[in-house]
Structure formats: C-alpha cells, structure tokens
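Me: I'd like a close look at one part of this model, the place where the two chains meet. Could you walk me through that part and then add a bit about what lies elsewhere?

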Amino acid sequence: METTSKNPNSTTKKKYLISKSIDSFFEDLYELYTFIIRFFKESFSAPVEWKEIVNQCYAIGYKTLLLVSVTGFITGTVFTKQSRPSLSAFGAASWLPSLVSIAIIKTMAPLITALIAAGKVGSNIGAELGSMKVTEQIDAMEVSATNPFKFLVVSRILASTFMMPVLVLYTGLVGMMGAYLNVHANEATSFISFFISAFKTIEFKDIFTSLFKAICYGFTIGVAGCYQGYNAENGTQGVGRAANLAVVFSMFLIFVEELLIVQVLNNFK
Amino acid sequence: MDKEIIQIENQEPVICIKDLKKSFGSLNVLNGVDFEIKKGENIAVLGRSGTGKSVLIKIISGLLKPDSGLVKVLGQEVDKLNEKELQTLRLKIGFSFQNSALYDSMSVRENLKFPLVRNRRELNDKEVNDAIESVLNDVGLPQTINQMPSELSGGQKKRIGIARTLILKPEIMLYDEPTSGLDPITCIELNNLILKVQQEYKTSSIIITHDLTCAKNTSDKVAVLVQGKFLKVGSFEEVFSSDDENIRTFYNYNFTENTKSNEK
C-alpha cells in the first residue's frame, strides 16, 4: 500500500510495511517506548527539579484528597451493606470486618483511587501540557535553555508515582472507617474490636501488593497524561483529545495491570 | 524612535545559512535558503503565510532540525550540537513567539524569573528582582509586574514575551510576527521597541513578518521568501524597486490594503 505525494513536483511515495493504521500503531508504540526511556534517563540526571516535584505532589495529592475521601467512604459503606445479607445467610456476619478489610485493602482502595486519579489527575496533566504545547509555551521553555521534559514531564510522573501509594493508604483507611460505621450501626461493634477483627486477616504481603499496585497505577497515570499532553497538536481540538486519551489510556491500562499484578503476585505465597 | 545607523562590524557573520532545506512529509518548505547576518544587523524576512518563515527561525534556534544545509549560529553548527551545547547556545538567542507564549500559570514576575533563576544560578534574590524591574522598564511595562498573562492586552503580552528573552541578555533576537494582530499604534510602539533592543542590547535580529511597515522601520535589510528560497535580499528600497512580479504583488497588496483600511 502506498500514498502519493501532494506536491506535484515531488515524486516521493511513502510505502507502508503492513498498512497505514498498523504501521501507525507500532510507530506510536515506539514513540511511547522512547518517551518512557527518556523519562528514566532524565530522572537520574542532574539537576533534579525538587521544587516542581513538590508542587506537583501537592497538586496531585492534596487536590484529589476530597474526591478520594468521599468515594472511599461510600465504597466502604456500600460494600459492607451489600455483603452483610450473604454472610448473614451462612451465619457468618462476624466475618464482615475481615471480608471488608481484605476487599478494600487488596483491591478496592488501589483500583478506586487509581480510577479517580486517572479522571482527575490524568485529564488535568493531559490538558495542561497539551495547552502548553499548542500555545508554544513548551517551545518557549526550550529556547530559554530550560529542559521542558525534565521540568514538566519528569516532575509530574514522579509526583503521581509518589503520591498514589499515599492516596491508596488514605482511601483504604477512609473506606475502613465507612465500613466500621456501617457495622457499628447494625451490630454495635466497638471501634477496637472491628479493627482487631479486620486486621487479623491482613498480612504484610497484602499491604505490599496494594502499594505496589499503587506505584504502577501512579506511574501509568503520569505517563499517559504527560505523553498525550506533550505530543498534543492541532490547537484546542488537540488539547481536548489529549485530555480524553490520557483518561481512556490510563483507565484501560490500570485494569490490564490489575489483572497482571494479581496473576503474578498470587504465585508468591 | 528614529532608526539610528548601526555600525555593522566587518567580521564573521553571527548567523550563516547555506543551502538550507526542510520539508514536512512531501511538502518542501525551505528549498535552498542562503543568507548571513552580521553583528548588530536587523534583517526582516518577508513572505506569504506558509512559506516557511517561522520554520527558518525555529531551525536557527534548534527547535527543528534541517534536512540538509549549513546553519551556523555564533560560529557553531546548530544541528551538530548536543543537548548541553545547544542549551548554552540558546542562552545567547532570544525568541519572541508570535502568540507571546507566556506561561499562563505564572505572573509576569514569575515569567521573567523563570529563565533567569534557571540559567543564572549565581544571582541572589535582590539581583534577580533588579534584573526583572530593569527589563520591565526597558519594555515600558513596570506596572504589570504582578499581573497574570490573561490580564494583559495583546501588545503587552508581546512586550513581556520580548522582556522574557531580554532578561538573559541575548546576542541574537528572533522575532516571529511581532506586530501581527495589533493595532497600528501598538505596531509602531513595538517597532520602536525592536529598534531600542537593537541599540541598547546590541543584538542582531531576524524579524519574521508580512507587515512591510514593520520591515521598513525595524530592519537594515529585508529578504523575501518565495517558494522556499530568498528571492531577493537587500535594503528595503533595493528589494522593493525590483520588477519581480512576486515582490511587486506583495508590495502593492500590503500597502494598497493598508491604505484602504486606514481610509475606512
């Protein structure tokens, strides 16, 4: 398959290896690979943009706190409420704190936090960098002898990777509080006995798994947002597309990673 | 401001371009551009939209890579430099973008501070503040220091964009459409600013424009870019006394249209 040049004076023809869309997919994949390699290279080279990393940690962490608090609390409460009838049917309502804690710590807290962050943080990074790209602010940074990749991309990816485990732990805690309030309202369980019962079944490996997932999700959200934003083109339409693709890609990859991580880590007993 | 006669020193050109070619896919944008700029010289590059004027200065600043040809800036071949060498060279090149490209999340002070603190790490806070105030006075906008870019007019944004480049004391200034989208009075003010920068900062400049008034008032030489090549390079009078149809059309359209709109 081939395309002919638009320029009548030119005789160049572009040949595709397979087809335009498949070639383009692999080109995009290669660009993403080089983007990630560049991130690692720039992360370990001086100078480190500490101030910008802290700023981004604040923006990503603090500003997402309210959203994950509400969703974490609701998740804990609703999950507990929904699980009670099934456990009660088997006379196992006393296992509720254990069940809820395993579900929240191992899966729900990382997944819900990541999805919320993908929507809020991923779209924000995609739109912000995309807007800077199409208004030539990134070029302006480059010509003023500042490395825009290090300042904008490395700082955001590092911040989202650092902050996600913190947010996941926080969401887990809030989710557990939601669960406790529901259990307390129905079974009059005390705060201490709820948490003793809840953490009896939780192992270090579960918390490690949860934090490992959070790191992977944070990195994914940062990379997806920065990659789409940094490569945005075609004006405001491109900015919207960058924000949208940042969310879609990061959400999709989060589910794929969830599956892979569970498969792999379940083999380590 | 009247155009003063700048002594063009007879020495190595600060920018030397030979047989520069650049295409995007099948579209040939620059097709063998040759020219030189001497120290202290202002050259206006004229041409219709899409003729590759902005591409030319993006290649000079290292934002784009040429397909072939020689691009020498201050004695260094831009496309042969590594990242670090290019950054060092860029400290000597100021780039004023068409849409100003101010960082819209930062105030004017922060916009000016940003390149300075990154590249002149030895400066203390007082020296940084002094430099910011000085450069804002030079562009005539000291009152905007705490304003956000969204609070500035188009002309003010352009001036702050120029100030942001001047703060690093460049040897070369690249202006991309400095007067586009501005009213005639602001255009004159910007033309005066370009001349002031040339005289006070001793810069050599390339001014990309299709505004003939701007070209006439700010440059020592003009070059007309047609189909990826310079059709003619020389003083404004030399170039526009040419009988070449492309140049005549450009001249007539520009001045006739300006006159018509002024009469209205």
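How many residues does the contact take from chain B and how many from chain A?

Reply: Keep in mind that this is a predicted model. The contact draws 24 residues from chain B and 21 residues from chain A. Put together, the two chains bury about 1900 Å² between them, and 51% of that is on carbon and sulfur atoms. That figure is a handy one to quote, since the size of an interface is often given as the accessible area lost when the parts come together.

Now the specific interactions. Between chain B and chain A the count is three salt bridges. One of them can be picked out by name: the side chains of A:Glu136 and B:Lys58 meet at 3.0 Å, N to O. For polar contacts, the count between the chains is seven residue pairs, both residues being at pLDDT 80 or more.

On the chain B side, the elements that give two or more residues to the surface touching chain A are α2 (83-90), β6 (93-96) and α3 (108-119) of chain B. Of these, α3(B) supplies the largest share, four residues. Sorted by class, the side of chain B that touches chain A has eleven nonpolar, seven polar and six charged residues.

Staying with chain B, have a look at strand β9 (residues 221-226) too. Five of its six residues are buried, so β9(B) is largely enclosed by the rest of the structure. It has pairing partners to browse. Strand β3 (residues 42-46) of chain B runs parallel to β9(B), joined by four bridges, and in that pairing B:Ile43 has B:Lys221 as its bridge partner. Strand β10 (residues 229-234) of chain B pairs with β9(B) in the antiparallel sense, over five bridges. There, B:Val222 is partnered with B:Gly234. β9(B) and β10(B) form a hairpin with two residues between them, and B:Gln227 in that turn has a positive phi of about 50 degrees. If you're checking side-chain directions, remember that in a regular strand the side chains alternate between the two faces of the sheet.

Over in chain A, a charged residue is worth a click: A:Asp23, which lies in helix α1 (residues 20-43). A:Asp23 counts as buried because its relative accessible area is 11%, under the 20% cut-off. Leaving out residues up to four places away in sequence, A:Asp23 touches A:Tyr16, A:Leu17 and A:Ile18.

How values were computed. Residues are numbered from 1 along each chain as its sequence is written. Chains are lettered from A and ligands numbered from 1 in the order in which they are written. This is a predicted model: local features need pLDDT of at least 70, side-chain atom pairs count only at pLDDT 80 or more; totals for chains, interfaces and linings use all residues. Side-chain values use heavy atoms; hydrogens and water are left out. Buried means under 20% relative accessible area, exposed over 50%, partly exposed in between (1.4 Å probe, protein chains only). Contact means heavy atoms within 4.5 Å. Two strands pair if DSSP finds at least two bridges between them. Buried area is the accessible area (1.4 Å probe) that two parts lose on being put together, summed over both. A salt bridge is a side-chain nitrogen of Lys or Arg within 4 Å of a carboxyl oxygen of Asp or Glu. A polar contact is a pair of N or O atoms within 3.5 Å; within protein, one must be able to donate a hydrogen and the other to accept it, and residues adjacent in sequence count only if both atoms are side-chain atoms. Ala, Val, Leu, Ile, Met, Phe, Trp, Tyr, Cys and Pro count as nonpolar, Asp, Glu, Lys and Arg as charged, and the others, Gly among them, as polar.
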